[in-house]
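Biologist: I should like to learn how to read helix packing, cis peptide bonds and pockets in a structure. May we work through them one at a time?

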Amino acid sequence: MAQDRVAIVTGGARGIGRASCLALARHGFALAVVDLREEALAATVAALREAGATAMPIIADTADHALAKASVDRVLSDWGRVDVLFNNAAMPQTKRILEITEAEWDREMAVNLKGYFNWAQAAAPAMLAQAAPGSLGGRMIMTSSVSANAGPSDQAVSRFAYATAKAGVLGLVRGLARELAPAVAVNAICPGSILTERTEEAFAPHMNRIAATTPLGRVGTPEDIAVVVAFLATVEPCFITGEVIDVDGGANIN
Ligand SMILES: NC(=O)c1ccc[n+]([C@@H]2O[C@H](COP(=O)([O-])OP(=O)(O)OC[C@H]3O[C@@H](n4cnc5c(N)ncnc54)[C@H](O)[C@@H]3O)[C@@H](O)[C@H]2O)c1
């Protein structure tokens, strides 16, 4: 059935993606939730439906270019439009420079950078077609990281490949913001330390230190990011594009 407002969220099964799906649902979006984790994906879609939203699960590896196009085509055929793409799925890096293999480097880039390109390219034609003079045809929001600018803050953890991909996301955002203007607004969010299923184990021994070195005095939550996603998805009129918003409690003030 055709929908009035449609958002696609990659990595939406848990963490920042899930919180953003719930926030967008509160703004009346129908949600296409993309993830590899089938069980968590089903739980998020169930929670969205329970909250009264229209939601569709899409089990996909965002690194798969053809699958991104097929998935966006399915959203368009079921719901008739795509207003927001939140490119958010990413994987962490575990190996240091002397241990990481070529295949692991390639996978990091395939998910954390090429995956963003895949879904942006798949969604762009519909957003361009939906644009009218003076009104946007769509909005893309992409999760980068404060690591893109600052590098990993914790020297015990190697994240050079992750940081490289996240810096690439900023290039993608700035390039597409120019290329897709004035039809599509494209912006990036750089989360700081956000407590999610992915980070809780790594953060556990450092919670006090993170809070102490964060001017706003606490570790971030997925909802801290979700409110900014919802803002960029809905602010009207929208005169923001190519922007990078740090959401880190002030941890990287410079
Ligand atoms: N949590 C933080 O402190 C933090 C800080 C900076 C940036 N970020 C970024 O925020 C985003 C979300 O992070 P999070 O902490 O919520 O992580 P998370 O691991 O809790 O959630 C990420 C989701 O993406 C999915 N995913 C991963 N690879 C995928 C793939 N190839 N195809 C489809 N789905 C895939 C996972 O299954 C998971 O559900 C990521 O881009 C991450 O790099 C997080």
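Modeller: Let us begin with helix packing, bearing in mind that the model is predicted. Helix α1 (residues 15-26) packs against helix α9 (residues 222-234) at an angle of about 50°, and their axes are 8 Å apart.

Biologist: How are α1 and α9 oriented to each other: roughly parallel, roughly perpendicular or oblique?

Modeller: Angles under 35 degrees count as roughly parallel and those from 65 to 115 as roughly perpendicular. The angle here is about 50°, and α1 and α9 are therefore oblique to each other. Their crossing is right-handed.

Biologist: Which residues of α1 and α9 meet?

Modeller: From α1, the residues are Gly 15, Ile 16, Ala 19, Ser 20, Ala 23 and Leu 24. They meet Pro 222, Glu 223, Ile 225, Ala 226, Val 229, Ala 230 and Ala 233 in α9. Sorted by class, this contact of α1 with α9 comprises 10 nonpolar, 2 polar and 1 charged residues.

Biologist: At what angle do α1 and α2 pack?

Modeller: Helix α2 (residues 38-50) and α1 pack at an angle of about 20°, with axes 10 Å apart. The two helices, α1 and α2, are therefore roughly parallel to each other. The crossing of α1 and α2 is right-handed. On the α1 side, the contact is made by Arg 18, Cys 21, Leu 22 and Ala 25; on the α2 side, by Ala 43, Thr 44, Ala 47 and Leu 48. The contact of α1 with α2 divides into 6 nonpolar residues, 1 polar and 1 charged.

Biologist: How should I read the pair α4 and α6?

Modeller: The same steps apply. The axes of helix α4 (residues 102-130) and α6 cross at roughly 15° and come within 9 Å. That angle makes α4 roughly parallel to α6. The crossing of α4 and α6 is right-handed. Among the contact residues of α4 are Trp 105, Met 109, Tyr 116 and Phe 117, and those of α6 include Phe 160, Tyr 162, Val 169 and Leu 172. By class, the contact of α4 with α6 has 13 nonpolar, 3 polar and 2 charged residues.

Biologist: Let us turn to the peptide bonds. Is the bond from Ala 181 to Pro 182 cis or trans?

Modeller: One reads the omega angle. The peptide bond from Ala 181 to Pro 182 has omega near 0° and is cis. Pro 182 is placed in the loop between α6 (160-179) and β6. The bond from Glu 236 to Pro 237 is also cis, with omega near 0°.

Biologist: Where is Pro 237 placed?

Modeller: Pro 237 lies in the loop between α9 and β7 (244-247).

Biologist: The last topic is the pocket. How much space lies in the second largest pocket?

Modeller: One may read a pocket by its volume and then by its lining. The second largest pocket holds about 480 Å³ of space. It is lined by 26 residues, of which the closest to its centre are Ser 135, Leu 136, Gly 137, Arg 139 and Cys 238. The elements that give two or more residues to this lining are β5 (138-143) and β6 (184-191).

Biologist: How do the residues of that lining divide by class?

Modeller: The lining of the second largest pocket has 16 nonpolar, 5 polar and 5 charged residues.

Note on methods. Residues are numbered from 1 along each chain as its sequence is written. This is a predicted model: local features need pLDDT of at least 70, side-chain atom pairs count only at pLDDT 80 or more; totals for chains, interfaces and linings use all residues. Side-chain values use heavy atoms; hydrogens and water are left out. On a 1 Å grid over the protein atoms alone, a cavity is a set of points where a 1.4 Å probe fits but cannot get out, and a pocket is an open set with protein on both sides within 12 Å along at least five of seven lines; lining residues have an atom within 4 Å of a point. Grid points are joined across faces, edges and corners, and a volume is the space filled by probe spheres set on the points. Helices (H or I, at least four residues) and strands (E, at least two) are DSSP runs, numbered from the N terminus. Ala, Val, Leu, Ile, Met, Phe, Trp, Tyr, Cys and Pro count as nonpolar, Asp, Glu, Lys and Arg as charged, and the others, Gly among them, as polar. Axes are lines fitted to C-alpha atoms, for helices over the stretch in contact, and angles run from 0 to 180 degrees between N-to-C directions. Angles under 35 degrees count as roughly parallel, over 145 as roughly antiparallel, 65 to 115 as roughly perpendicular and the rest as oblique. A crossing is left-handed if the near helix is turned anticlockwise from the far one by less than a right angle, and right-handed if clockwise. Contact means heavy atoms within 4.5 Å.
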